[in-house]
Amino acid sequence: MSRPRADMSGVPDDLCPVATVPSPMLAGDWRAMRPVVARERCVKCAICWLYCPVQCVVEKAAWFDIDLAACKGCGICAQECPHRAIRMLEEADA
Ligand code: SF4
Ligand code: SF4
């Protein structure tokens, strides 16, 4: 999902670009851990969706899945899933 660029008209050229240009940095670029959903265990209770701080849990036909481009790997979904359907994997092992 692309975000609209900020209106840069009127911004002095000598200002630091980091401070003036918002960057749509996706967490998938730096995440250390990733959640993996065991589809056969998911009962679609939506608890993970409710607790995810960045709202990257997405509903599928028979389970809830993770948008890994936006997921920051905090592990809250895995901690809160009452059916232990989510486990966290090291990115290096994924
Ligand atoms: S909390 Fe667990 S069981 Fe509930 S929807 Fe999420 S993954 Fe499925
Ligand atoms: S690991 Fe954190 S950011 Fe990623 S889906 Fe779970 S709660 Fe959301």
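# Exercises on a predicted model

Among contacts in the protein that link residues at least 6 apart in sequence, 64% join residues at least 24 apart. The exercises below work through this predicted model, each with a solution in steps.

## Exercise 1. Confidence and layout

Establish how many helices and strands the protein has, in what order they follow one another, and where confidence is lowest and highest.

Solution. Begin with the confidence of the model as a whole: the mean pLDDT of the protein is 86, and 79% of its residues reach 70 or more. Next, count the elements, which come to 3 helices and 4 strands, and read them along the sequence, where they follow the pattern α-β-α-β-β-α-β. Finally, set confidence against these elements: helix α1, residues 17-20, has the lowest confidence, with a mean of 55, whereas α3 has the highest, at 98.

## Exercise 2. The nonpolar core and F64

Work out which residues make up the largest nonpolar core, and decide whether F64 is buried or exposed.

Solution. Start from the protein as a whole, in which 15% of the 94 residues count as buried. The largest nonpolar core then has 11 residues, namely V37, C48, C52, C56, V57, F64, C71, C77, C81, A85 and I86.

Now take one member, F64, which is placed in strand β3. F64 has 23 other C-beta atoms within 10 Å, and because the cut-off for a buried residue is 20 or more, F64 is buried. Setting aside neighbours within four places in sequence, the contacts of F64 are V37, C42, K44, A46, C48, W49, V57, V58 and E59.

The core member V37 can be read in the same manner: beyond its neighbours within four places in sequence, V37 is in contact with C42, W63, F64, D65, I66, A85 and I86. As a last step, consider the pair F64 and I86, which lie 22 residues apart in sequence, with their C-alpha atoms 10.0 Å apart in space.

## Exercise 3. Positive phi outside glycine

For K44 and Q55, state the value of phi, the loop in which each residue lies, and its exposure.

Solution. Take K44 to begin with: its phi is near 60°, a positive value in a residue other than glycine. K44 belongs to the loop between β1 (33-37) and α2 (47-51), and it counts as partly exposed because it has 14 C-beta neighbours inside 10 Å.

Turn then to Q55, which is not a glycine either and has a positive phi of about 55°. Q55 lies in the loop between α2 and β2 (57-59). With 10 C-beta neighbours inside 10 Å, Q55 falls under the cut-off of 12 or fewer and therefore counts as exposed.

## Exercise 4. Partners of loop residues

Find which residues A70 touches, leaving out those up to four places away in sequence, and how far apart V43 and W63 are in sequence and in space.

Solution. Locate A70, which sits in the loop between β3 (64-66) and α3 (76-80). A70 is partly exposed, since 17 other C-beta atoms lie within 10 Å. Not counting residues up to four places away in sequence, A70 touches L26, A27, G28, V54 and C56. For the pair A70 and L26, the separation in sequence is 44 residues, and their C-alpha atoms are 5.5 Å apart.

V43 is found in the loop between β1 and α2, and with 13 other C-beta atoms within 10 Å it is partly exposed. V43 and W63 are 20 residues apart in sequence, while the distance from C-alpha to C-alpha is 6.7 Å.

## Exercise 5. The two ligand shells

Determine how many residues surround each ligand, which of them come nearest, and how the shells divide by class.

Solution. Around ligand 1 there are 14 residues, of which C42, C45, I47, C48 and C81 are the closest. By class, this shell holds 12 nonpolar, 1 polar and 1 charged residues.

Around ligand 2 there are 13 residues, with C52, C71, C74, I76 and C77 coming nearest. The shell of ligand 2 divides into 10 nonpolar, 2 polar and 1 charged residues.

To finish, follow I47, one of the closest residues to ligand 1, back into the fold. I47 is found in helix α2 and is partly exposed, with 18 other C-beta atoms within 10 Å. Residues up to four places away in sequence aside, I47 touches E80, C81 and P82. I47 and H83 are 36 residues apart in sequence, and 10.0 Å separates their C-alpha atoms.

Definitions and conventions:
Residues are numbered from 1 along each chain as its sequence is written. Chains are lettered from A and ligands numbered from 1 in the order in which they are written. This is a predicted model: local features need pLDDT of at least 70, side-chain atom pairs count only at pLDDT 80 or more; totals for chains, interfaces and linings use all residues. Helices (H or I, at least four residues) and strands (E, at least two) are DSSP runs, numbered from the N terminus. A residue is near a molecule or strand if its C-beta atom, placed from the backbone, lies within 6 Å of it. Ala, Val, Leu, Ile, Met, Phe, Trp, Tyr, Cys and Pro count as nonpolar, Asp, Glu, Lys and Arg as charged, and the others, Gly among them, as polar. Two residues are in contact if their C-beta atoms, placed from the backbone, lie within 7 Å. A nonpolar core is a set of buried Ala, Val, Leu, Ile, Met, Phe, Trp, Tyr and Cys residues joined through C-beta atoms within 7 Å. pLDDT is the predictor's confidence in each residue, from 0 to 100.
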